[in-house]
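Biologist: Please take a close look at a single part of this model, one place where helices pack together, and follow the connections that lead out from there. I would like the reasoning behind each description as well as the description.

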Amino acid sequence: MTRLFANCWVVTMDDASSEHPSGWVLVDEGTIVDVGGGPEPLAHERIDLHGAVVTPGLVNTHHHLYQTLTRARAQQADLFTWLRELYPVWAGIDAEAEYAAARTGLAELALSGCSTVFDHHYVFPRGRDGLIEAEVQAARELGVRIVASRGSMDLGASDGGLPPDDLVEDLDDVLAETERLAGALHEAGPGSRVQIAVAPCSPFSVTGRLMEESAALALRLRLLLHTHLAETVEEDAYCHELYGCTPVEYLEGLGWLTHDVWCAHCVHLSDADIGTFAQTGVGVAHCPTSNLRIGAGVAPVRRLVDAGVRVGLGVDGSASNERGDLFLEVKQALLAARGIGGPTALTAREALRLGTRGGAEILRRNDIGQVAPGKQADLAIWSTDGLELGGADDRVAALVFSGPHRVDRLVVGGEDVVRGGALVRADESEIARDHRVQARRFASA
Ligand SMILES: [Zn+2]
């Protein structure tokens, strides 16, 4: 059964950055068969998109879905103060709350055009099972792809770490549980809907030994490896004090600088660090809104891209970016880059590329992130007949400059996840109601 998405402006994000302003996309079940701008091919069904812009489904490369439960806390705090205030609150997480949080975060992302979500979960209070299973279930129900990570913290406050002692785990438990989840849930190969990554939280909440063992486990199980890095000046100072080097040098010493690794934030990188990332293939999840909200600074995206470093975008958790909208991050990446580098620092199309193809490269997915033959039919379809796009001839640039937008239609693996700006497989207001009930358990007294 073939479907032709016709009468649209297709932004392919292929190697040549091809666009078809009067184009079409031919889909057969879950796969893109052809794309072009010439005469339309025949199909079982023709869908007229009335001049909408079609982009690849967006790819989110850093998130903490559980944080939708604790928004707008520690409003003027730097990262470490923010974390110290929130750790004890997050200690209340269980599978029921995680499911409600994940449904909310994933629904928000889907409505912003995001078809693939990486989630970095690292809070595992003792005796609370099923947290990762809960978010995977939420993703399956909504119809989006998820890369869920079994994160970890094992460096408690009494050992010089940041998290409270009762929130850290034993190294052996972390590794065994990660391997169990990978065996139960990880899918390899094109079209995968659920994958597992290994993701110790950060150098200030994880021991060097667990960082090393995590890297070894990821290598053995052929999983991707992720952590937070070089987010704030305080982290830089902490690293110097505890380990006598910069965060990147620290990772290098742990054998972490390899091609299957990506790090969130990377705001504070030297030219030498950027060169090291380019050489070793380490990628960066750029989270501009979160970095600005925490007052951490702006990652050197122009220099990273120019050096050939893989860069994707992330909304980061909703406790440091209260809006889980990946299209907003596309616009924010552009604005933040221009704020420090001037009006030519990043183009609208470059920003959009970071949020699509860039994210796919971060997750080492060759099957998504492009509207091209043979790729998964993950399409974000953006109406261009609303008030905010009037007067714009370049509808692609205008879409980015005037973002964020609610996506009109989101197709994942050929199946509709959003249609007419509404979730197809779930009820948005029911998700919001359920989430409010769960979030009340985390309310500040
Ligand atoms: Zn984060």
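Modeller: An angle between two helix axes counts as roughly parallel under 35 degrees, as roughly antiparallel over 145, as roughly perpendicular from 65 to 115, and as oblique in the remaining ranges. The model is predicted, and the part I have chosen is the pair formed by helix H11 (326-341) and helix H12 (residues 348-362). The axes of these helices are 9 Å apart, and the angle between them is about 135°; H11 and H12 are therefore oblique to each other. The crossing in which H11 passes H12 is right-handed. On the H11 side the contact involves Leu326, Phe327, Val330 and Leu334, and these meet Ala348, Ala351, Leu352 and Gly355 of H12.

Within this contact Phe327 deserves attention. Phe327 belongs to helix H11, and its relative accessibility is 0%, so it counts as buried. Leaving aside residues up to four places away in sequence, Phe327 touches Leu58, Ser112, Leu352, Trp382, Leu399, Val400, Gly403, Pro404 and His405. Of these partners, Leu352 also takes part in the contact between the two helices. Another partner, Leu399, is 72 residues from Phe327 along the chain, while the C-alpha atoms of the two are 9.5 Å apart.

Two of the residues that touch Phe327, Gly403 and Pro404, are themselves joined by a cis peptide bond, with omega at about 0°. The loop that holds Pro404 runs between helix H13 (395-401) and strand E14 (409-412).

That loop leads on to Val412, which lies in strand E14. Val412 is buried, because its relative accessibility is 0%. Beyond the residues up to four places away in sequence, its contacts are Ser115, Gly143, Val144, Arg145, Arg193, Ala377, Asp378 and Val417. Ala216 is 196 residues from Val412 along the chain, and a separation of 33 Å lies between the two C-alpha atoms.

Returning to H11 and going back along the chain from it, one reaches the loop between E12 and H11, where Asp316 is found. Asp316 has a positive phi of about 60°, although it is not a glycine. Asp316 counts as buried because its relative accessible area is 4%, below the 20% cut-off for that term. Through its OD atom Asp316 is one of the protein donors of the zinc ion, together with the NE2 atoms of His62, His64 and His228, and these donors lie 2.1 to 2.5 Å from the ion. Along the sequence the donor residues follow the spacing H-x1-H-x163-H-x87-D. His62 sits in the loop between strand E5 (58-60) and helix H1 (79-90), and Asp316 in the loop between strand E12 (311-313) and helix H11, so this pair ties together parts that are 254 residues apart in sequence. His62, with a relative accessible area of 0%, is buried.

The geometry around the zinc ion is irregular, because the four donor atoms subtend angles of 87 to 177°. A tetrahedral label would need all angles to lie between 85 and 135 degrees, and the upper end of the range, 177°, is outside that window.

Positive phi also occurs at Glu29, which is not a glycine and has a phi of about 55°. Glu29 lies in the loop between strand E2 (19-28) and strand E3 (31-36), and its relative accessibility of 52% makes it exposed, whereas Asp316 is buried.

Two other helix pairs can be set beside H11 and H12. Helix H2 (residues 95-111) and helix H14 (residues 428-440) pack at about 140°, with axes 9 Å apart, and these two are therefore oblique as well. Their crossing is left-handed. Residues in the contact include Ala97, Ala100, Ala101 and Thr104 of H2, and Ile431, Asp434 and His435 of H14. Helix H3 (residues 131-142) and helix H4 (residues 171-185) have axes that come within 12 Å and cross at roughly 25°, which makes H3 roughly parallel to H4. The crossing of H3 and H4 is right-handed. H3 contributes Ile132, Glu133, Val136 and Arg140 to this contact, and H4 contributes Arg180, Leu181 and Leu185.

Note on methods:
Residues are numbered from 1 along each chain as its sequence is written. This is a predicted model: local features need pLDDT of at least 70, side-chain atom pairs count only at pLDDT 80 or more; totals for chains, interfaces and linings use all residues. Side-chain values use heavy atoms; hydrogens and water are left out. Donors are N, O and S atoms within 2.8 Å of the metal (3.2 Å for Na, K and Ca); water is not among the atoms, so sites may look incomplete. Four donors count as tetrahedral if all angles lie between 85 and 135 degrees; four count as square planar and six as octahedral if opposite donors are over 155 degrees apart and all others between 65 and 115; anything else is irregular. Helices (H or I, at least four residues) and strands (E, at least two) are DSSP runs, numbered from the N terminus. Buried means under 20% relative accessible area, exposed over 50%, partly exposed in between (1.4 Å probe, protein chains only). Axes are lines fitted to C-alpha atoms, for helices over the stretch in contact, and angles run from 0 to 180 degrees between N-to-C directions. A crossing is left-handed if the near helix is turned anticlockwise from the far one by less than a right angle, and right-handed if clockwise. Contact means heavy atoms within 4.5 Å.
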